[in-house]
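Colleague: Could you take me slowly through the place where the two chains meet, and through how the copies are related to one another?

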Protein chains: 2
Amino acid sequence: MRKAPSQARSRALVGDLIEAAALEIAEGGLQALTTNRVALRAGISVGSLYQYFHDKDELIEAVSAVAADRLLAALNTRMRGFGAHDMRSTTRKVLTEVFDILQNDALHREMLRNFDLARPGVGFATLESVMTEAMRVYLLRNQAKYPVANLPAALFVMVNAVQFTMARYLRGGGGGAAGGISAAQVVAGLTDMLTAYVESAVRAA
Amino acid sequence: MRKAPSQARSRALVGDLIEAAALEIAEGGLQALTTNRVALRAGISVGSLYQYFHDKDELIEAVSAVAADRLLAALNTRMRGFGAHDMRSTTRKVLTEVFDILQNDALHREMLRNFDLARPGVGFATLESVMTEAMRVYLLRNQAKYPVANLPAALFVMVNAVQFTMARYLRGGGGGAAGGISAAQVVAGLTDMLTAYVESAVRAA
DNA sequence: CCATAATACGAATAATTGCTCGCATTCAAT
DNA sequence: ATTGAATGCGAGCAATTATTCGTATTATGG
């Protein structure tokens, strides 16, 4: 951020700007995001925008940071009260919820549709690292049960397999390569695949 | 294509244009691809470019089609003489080769770096459908051995898991989330995951 | 109140770039 | 050779858009 807003009005202004940018993305995609349009929508001058964001990219980053936070918060809420279960149930639950959240939020839908998914540094790096960390802890804790070899590589493969397959499905919108496959089926497939992978370590050992 | 080149010189021109565009992408990424630059590089006028390509996107599509063909051809060559093996060996072989091809070709590297991976319709749709089809045939043929349930969904999950995880790794360039993981380890992980998934169907049945 | 810093404004700028169009050149058929 | 079609040219148009800067307004500390 170019300059930190110190007064209350400027903090509100920055918030409005991010919100307007989010709406703009949600409606017309990234291509519709013009600094002038955002300012117009927020009822703010472009000049003020550049007072707090060094350039357009910084604004977009701010939006995706907010979106990532929202996603994580929503997931946390939905997982509350879901106690300790076996890996399969937990995996299915998490995937189902994330799917549902992403599917029912216009901003997230459009972010998925418009962001370059393979560059998660921009957007969902937070979710990715949280997921990776959660799995690492789980697998280390249950090392006796699931002695996964080469944990870093396994985590990389699993996390990426999940997030991109989901993103791809949500993008496809039912048509294309995903024709006729339901979200539940994708969740089931991913769950089975991850579970089989982790459990295969047992027989290998 | 706006107009099919009928004379020899115009066919050559179109070829030069695509080649120049490929080089342009390979060097500076998609953002460096201006119709004017491409024409300049090809030693051809922009006007001529627009004689054969309706717009910039059509040119990019042509480039990615050529790239996809090249990838497929290279893979075919490398798989020649690789007879019938079990699923694990075959999977490992294919993944290893594809990895190697993608890693050692500037155009492919840049395409991966710059294309929106989750929109394979643009680029690697050919590879995707070939892979999907090959797996479908294999799994149907070995239905007795690997009675995979819900084949379409399973194929979708497997193919996407593979292609995006690979793409992500190749993009990361060793740093970032893929820090310290080797290509061989990623291939091993993917191979294990796919194999475990398919084989888990046996126990489920 | 005053002075000064912070904030806000928005018309104008500057650069980029996809694409067209009128004209020139080359080919192919007769 | 001739002629019409195909091909090739490239300066320039038109539209978009990120960003700046001189000015006006509002807050804050003394």
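Modeller: In this predicted model, the copies meet through the same surface, because 97% of the interface residues of chain A are also interface residues in chain B. Counting contacts, 31 residues of chain A touch 31 residues of chain B. On the side of chain A that touches chain B, the elements that give two or more residues are helix 8 (151–172) and helix 9 (183–204) of chain A, and helix 8 of chain A supplies the largest share, 12 residues. Sorted by class, that side of chain A has 18 nonpolar residues, together with eight polar and five charged ones.

The relation between the copies can be described as well. In general, two copies of a chain are related by a rotation about an axis and a shift along it. Here, a turn of 180 degrees and a shift of 0.1 Å along the axis lay chain A on chain B with an RMSD of 0.2 Å, which means that the relation is that of a two-fold axis. Within chain A, the C-alpha nearest this axis belongs to Ala161(A), and it lies 2.0 Å from the axis.

For a single element of chain A, consider helix 5 (residues 87–103), whose 17 residues should span 24 Å at 1.5 Å a residue, and whose end C-alpha atoms are indeed 24 Å apart, which agrees. The buried residues of helix 5 of chain A are Thr91(A), Leu95(A), Val98(A) and Leu102(A), and because they cover an arc of only 65 degrees around the axis of the helix, they are on the same side of helix 5 of chain A.

Key
Residues numbered from 1 in each chain as written. Chains lettered and ligands numbered in written order. Predicted model: local features only at pLDDT ≥ 70, side-chain atom pairs only at ≥ 80, totals over all residues. Contact = placed C-beta atoms within 7 Å. Helix = DSSP H or I, 4+ residues; strand = E, 2+ residues; numbered from the N terminus. Nonpolar A, V, L, I, M, F, W, Y, C, P; charged D, E, K, R; others polar. Least-squares fit on C-alpha atoms with pLDDT ≥ 70 in both. Expected span 1.5 Å × (residues − 1). Buried ≥ 20, exposed ≤ 12 C-beta atoms within 10 Å, placed from the backbone. Arc of directions from axis to C-beta.
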